[in-house]
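Let's walk through a model together, one feature at a time. Keep the viewer open while we talk.

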Amino acid sequence: MSVTTYSSYCTATYRLYDEKADFHKKAQGIAVGLTVGSWTDLPEARKAEMEKHLGRVVAVDVHEPAGADAQGERYADIRIAYPDVNFSQDIPALLVTVFGKLSMDGRIKLIDLSFSESFLSAFSGPRFGLQGVRDLLGVHDRPLLMSIFKSVIGHDMPALREQFYQQALGGVDLIKDDEILFENPLTPIERRVEVCMEAAEKARQVTGQQLLYAANLTGPTFGLIDQAKKAISAGANALLFNVLAYGFDALSELSRHPDVRVPIMAHPALAGALYPSTYHGIAANVLLGKLMRLAGADLVLFPSPYGSVVMPLAENMAIKDTLLTESAADYVTGAEGKLRLPTSFPVPSAGIHPGLVPWIIRDFGREVVVNAGGGVHGHPMGAAAGGQAFRQAIDACLADESLRSYAERHPELKAAIDAWGAKE
Ligand code: 1AE
């Protein structure tokens, strides 16, 4: 049956490993088991009533180890369509339907999701998106640069102010809190925002550059909206959010809330418990791509293929494509045309230093945020020079000049390359 038949269904694709299972039977078991429960035992009249609730097997693509691939494992990609009528229009309901109990049932991984027009229409995605973030900053012609507060726990407000100011002087476009900075007596969010925004203004007078500061939104779930309002009243112009610790629905509520009119940056903390296994969990491009964008993340952080915490390049590119695609075909079951959701900024992160910028731009192009903590603060000439070295690396790439050659005229970049090297 053609996928276009399923316009009022959301579809899930799974990769299921098994040495001898009948995958067609297994697929049928999933389609029935996760929807009407049992089918063959139902009387005919009841079957007619339940028809609209029944899951459908869309495709079963079996990979048998054979020939040159004889050492490989036996698996199948199974695609099931779930009727919209079975679940409410929110991400928790969708995830529990398509991968609730099933996530614990053998070697099975959720590798793709596709939404019906109707389900998708309940979401508006990122409020600002990539374009909105660029508009706020007034930067349209180059990759953005973000730095991350480091050494935040146990530091008081003057120490944070100075750390912020030094980062801002380096010419970064965004500064984010460390994700492990929670409410604490030394640097409570309202005061922290006031102090950092003052430092941002002071730096703007030197650099002439606008800056977004993403303050970490933390605390009990039911207090998040109030906490966000507090931060915004104090001047916060962006928020950082540990999405997976709270759930996608918390992001969805925040991003659509009328009083939370600032970009939201999604941190991937906990993602490693969910995507890296071949056999279990949720694929990175679904977890950190599709669901983040659907729930409204304006910027999404994830490990890069180059730094200290790594994700394979293919998975990185799948996330990038998912966040940046304009095509409805990737998101909507059987649809073509343009996707209504704004795009989200990809932010490959962790262990990034200026010498990696050519690789980031090679793989991501200009629509990327170059993001670093240690690579800014650990610069031999200080954090301001750290930011400058990154900006110089970006400028070198856009001018199509090698970093080493550019560094001959730029001492900050030279010091960074001397410290960390340059992969060219
Ligand atoms: C994948 C998240 C990266 C992150 O949050 C972080 O703090 C990175 O810091 P550095 O750049 O590795 O020091």
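**Starting at the ligand**

The ligand takes up the space of the largest pocket. Here a pocket is an open set of points on a 1 Å grid over the protein atoms alone, with protein on both sides within 12 Å along at least five of seven lines, and a molecule sits in one if more than half of its atoms lie within 2 Å of its grid points.

Q: Before we dig in, what kind of model is this?
A: This is a predicted model, where local features need pLDDT of at least 70 and side-chain atom pairs count only at pLDDT 80 or more, while totals for chains, interfaces and linings use all residues. Residues are numbered from 1 along each chain as its sequence is written, and side-chain values use heavy atoms, with hydrogens and water left out.

Q: Which residues surround the ligand?
A: A residue is near a molecule if one of its heavy atoms lies within 4 Å of it. Around this ligand you'll find I148, K150, K176, E179, H267 and P268, along with S349, A350, G351, A372, G373 and G374.

Q: How do I read the polar contacts there?
A: Look for a pair of N or O atoms within 3.5 Å. On the side-chain front, K150 puts a polar atom 2.8 Å from a ligand oxygen. Backbone atoms join in too: an N or O atom of the G351 backbone lies 2.8 Å from an oxygen of the ligand, and a polar backbone atom of G374 is 2.7 Å from a ligand oxygen. As for cover, the ligand taken alone exposes 370 Å², and the protein buries 85% of that (Shrake-Rupley areas with a 1.4 Å probe).

Q: A350 is in that ligand shell; what is its phi like?
A: Start with the general idea: most residues other than glycine have a negative phi. A350 isn't a glycine, yet has a positive phi of about 90 degrees. You'll find A350 in the loop between β12 (345-349) and α13 (357-364), where helices (H or I, at least four residues) and strands (E, at least two) are DSSP runs numbered from the N terminus.

Q: Why does A350 count as partly exposed?
A: Because its relative accessibility is 26%; buried means under 20% relative accessible area, exposed over 50%, and partly exposed in between, using a 1.4 Å probe and protein chains only.

Q: Where else does a positive phi turn up on a residue that is not a glycine?
A: Try D400, with a positive phi of about 60 degrees. D400 sits in the loop between α15 (383-398) and α16 (403-407), and is exposed because its relative accessible area is 73%.

Q: Now the strands. What does S147 touch?
A: Contact means heavy atoms within 4.5 Å. Skipping residues up to four places away in sequence, S147 touches Q167, V172, L174, I175, K176, N371, A372 and V376. S147 belongs to strand β5 (residues 144-148) and is buried, since its relative accessible area is 0%.

Q: And is T13 buried or exposed?
A: T13 counts as buried because its relative accessibility is 15%. This residue is part of strand β1 (residues 9-17). Residues up to four places away aside, T13 touches I78, R79, K109, L110, I111 and D112.

Q: Which residues does I108 contact?
A: I108 is in strand β4, and beyond neighbours within four places in sequence, I108 is in contact with Y14, R15, L16, I30, F99, L102, Y279, H280 and G281. With 0% relative accessibility, I108 counts as buried.

Q: How should I read separation along the chain against separation in space?
A: Compare C-alpha atoms. I108 and Q166 are 58 residues apart along the chain, with 47 Å between their C-alpha atoms. A245 and A269 are 24 residues apart in sequence and 7.4 Å apart in space, C-alpha to C-alpha. A245 itself lies in helix α9 (residues 243-246) and counts as exposed because its relative accessibility is 55%.

Q: What about R391, and where is it?
A: R391 is in helix α15. Its C-alpha is 43 Å from that of Q89, 302 residues apart in sequence. Leaving aside neighbours within four places in sequence, R391 is in contact with R142, L145, G170, G171 and Q209.

Notes:
Polar contact = N/O pair within 3.5 Å; in protein donor to acceptor, adjacent residues only side chain to side chain. 1 Å grid on protein atoms, 1.4 Å probe; cavity = no way out; pocket = protein on both sides within 12 Å on 5 of 7 lines; lining within 4 Å.
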